[in-house]
Amino acid sequence: MCVACNHTIHRAQHNFGWNRDFPPALTAKPGETILFECMDSSGGQIGPDATLETLANLDFGKINPVSGPVYVEGAGPGDALKVTIRKFHPSGHGWTANIPGFGLLADQFKDPALHVWSYDTASMAPAAYGPGGKVPLKPFTGTIGVAPAEAGLHSVVPPRRVGGNMDIRDLTAGVTLYLPIEVEGALFSVGDTHAAQGDGEVCGTAIESQMNVELTLDLVKGANLKTPRFTTTEPVTRHLDGAGYEVTTGIGPDLMTGAQEAVMRMIDLLTGEHGMNPVDAYMLCSVCGDLRISEIVDMPNWVVSFYFPRIVLL
C-alpha cells in the first residue's frame, strides 16, 4: 500500500487501447503521486496454475490492459509529461510464453510453450527457471504512455511517438520518463508490468507479472518533444554483470536478419553446451539476454550481438 500517494487507480479502471476520447478515470494536479493497480499483459488470464490449454484459449481481445487514463490539469499539446517511477509492488508470480506467430523467431518456434514463475516479493531473489538457470529480477513497466492526437481507438500493441508498449526494460524504479503530450490533459495510462526482461524481448514475452506501481506525474511546459526520453540515475545492468556474458553475433546487410541470427546462435550455444530444450533457451533469452547493435557504419555489413548473462547459469 502506498502511504504517500494522493490517489489510487484501481485494477478495474483499465482500457485495451489508446483513445483521446476515453473518459478519465481520475483528474490529477501536476506533482501528485498515484498508485496504479496494474494487470499483467494477459489481463489476468494466465495465473499461477496456467497450462498450455490456458495459453491455447487466450482471448487476445483482453491482451495488454492499461490502467487509467489520468487527466493531468494544465497539460496541453506541446508540453511533456514528466513521469517519475517511484516503486513497484510485485505479486510474486508471473509467466513467459512462446505464442505461435509472435516473436523474433516465430517461423522456427511454431508450437506454444509456457513457463510459470514464482518469486519472493520481499527478497526479489533470482527466479528459478527449471534446472537450467536463475534469472535476476528488476521490475519495470512495459506499457506507459499518453493518448495520441489522432481520433479513434488505437491498438495497444505497437509503441508510438507518445509512448505505449515500448518494452524498455530500464523503465524501472528511480527513472524519470518524459512523454510528448498531444491532447489536452495528456490522458496517461500504464500497464504490462514485468519482473524481468532482456533488451529486445525476443520471444515476445518477458516475465509477465501483475504489479502495482507508484508514479508521480508532473508537467514540463513547452518541451516540444518528438518522442519519449528518460533519465536513469544508476547503472542499468549491475544485477546481471557479475559473472560476465556469453556473446553471439549476426553479421550482414540487414539488421533484422542479423538480430535473428545472433539469437539463433545463442540458442545453439545454450542447447549444445547446457542441455536446454531449444524453446526453453529461446524464452530464457527473452527474459534476460540483450540484443545490441555493435556496428552500423562499415557498409555493407552490420553487426548485431546478443549478450547472455553468465550469472543466470551459475
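Reader: Why is Lys221 called exposed?
Author: Lys221 has a relative accessible area of 54%, and the class of exposed residues begins over 50%, whereas buried means under 20% and partly exposed lies in between (1.4 Å probe, protein chains only). Lys221 is therefore exposed by this rule. The model is a predicted one, in which local features need pLDDT of at least 70 and side-chain atom pairs count only at pLDDT 80 or more, while totals for chains, interfaces and linings use all residues. Residues are numbered from 1 along each chain as its sequence is written, and side-chain values use heavy atoms, with hydrogens and water left out.

Reader: What makes the pair of Lys221 and Asp79 a salt bridge?
Author: The closest N and O atoms of Lys221 and Asp79 are 2.7 Å apart, and the rule asks for a side-chain nitrogen of Lys or Arg within 4 Å of a carboxyl oxygen of Asp or Glu, so the pair of Lys221 and Asp79 qualifies. By this rule the structure has nine salt bridges.

Reader: Why is the pair of Lys221 and Asp79 said to tie together parts of the chain?
Author: Lys221 lies in the loop between β16 (211-220) and β17, and Asp79 in the loop between β5 (66-72) and β6 (80-90), so the pair spans 142 residues of sequence. The element names come from DSSP runs numbered from the N terminus, helices being H or I of at least four residues and strands E of at least two. Asp79, with a relative accessible area of 6%, is buried, whereas its partner Lys221 is exposed.

Reader: What makes Arg169, Asp170, Asp199 and Asp290 one network?
Author: Arg169 meets Asp170 in a salt bridge at 3.0 Å, N to O, and Arg169 also meets Asp199 in a salt bridge, there at 3.6 Å. Arg169 sits in the loop between β13 (163-165) and β14 (176-180) and Asp199 in the loop between β15 (186-194) and β16, 30 residues apart, so that pair links distant parts of the chain. Arg169 is buried at a relative accessible area of 4%, while Asp199, at 26%, counts as partly exposed. Salt bridges that share partners then join these residues, together with Asp290, into one network.

Reader: How do you know that Asp167 has no salt bridge?
Author: Asp167 lies in the loop between β13 and β14, and its nearest side chain of opposite charge, that of Arg169, is 12 Å away, where Lys and Arg count as positive, Asp and Glu as negative, and His and the chain ends are not counted. Asp167 is nevertheless buried. Leaving aside neighbours within four places in sequence, Asp167 is in contact (heavy atoms within 4.5 Å) with several residues, among them Phe140, Asp192, His194 and Glu201.

Reader: What makes Cys2 and Cys5 a disulfide?
Author: Their sulfur atoms are 1.9 Å apart, and a disulfide is a pair of cysteine sulfur atoms within 2.5 Å, so Cys2 and Cys5 satisfy the rule. The link of Cys2 and Cys5 is right-handed, with 90° about the S-S bond, and both cysteines are buried. Cys285, by contrast, is in no disulfide, for the nearest cysteine sulfur, that of Cys288, is 6.8 Å away. Cys285 counts as buried at 0% relative accessibility, and Cys288 at 2%. A search of the whole structure finds one disulfide.

Reader: Why are β1 and β17 said to stand at the edges of the open sheet?
Author: The sheet has six strands in the order β1-β4-β16-β6-β14-β17, with mixed pairing, where two strands pair if DSSP finds at least two bridges between them. β1 (7-9) and β17 (229-231) each have a single partner strand, so one side of each is left without a neighbour in the sheet. β1 and β4 (residues 32-37) pair in the parallel sense over three bridges, and His7 stands opposite Ile34 in β4.

Reader: How do you know that β19 and β20 pair?
Author: Five bridges join β19 (residues 290-295) to β20 (residues 302-309), which run antiparallel, so the requirement for pairing is met. Leu291 stands opposite Phe306 in β20, and a hairpin joins β19 to β20 through six residues.
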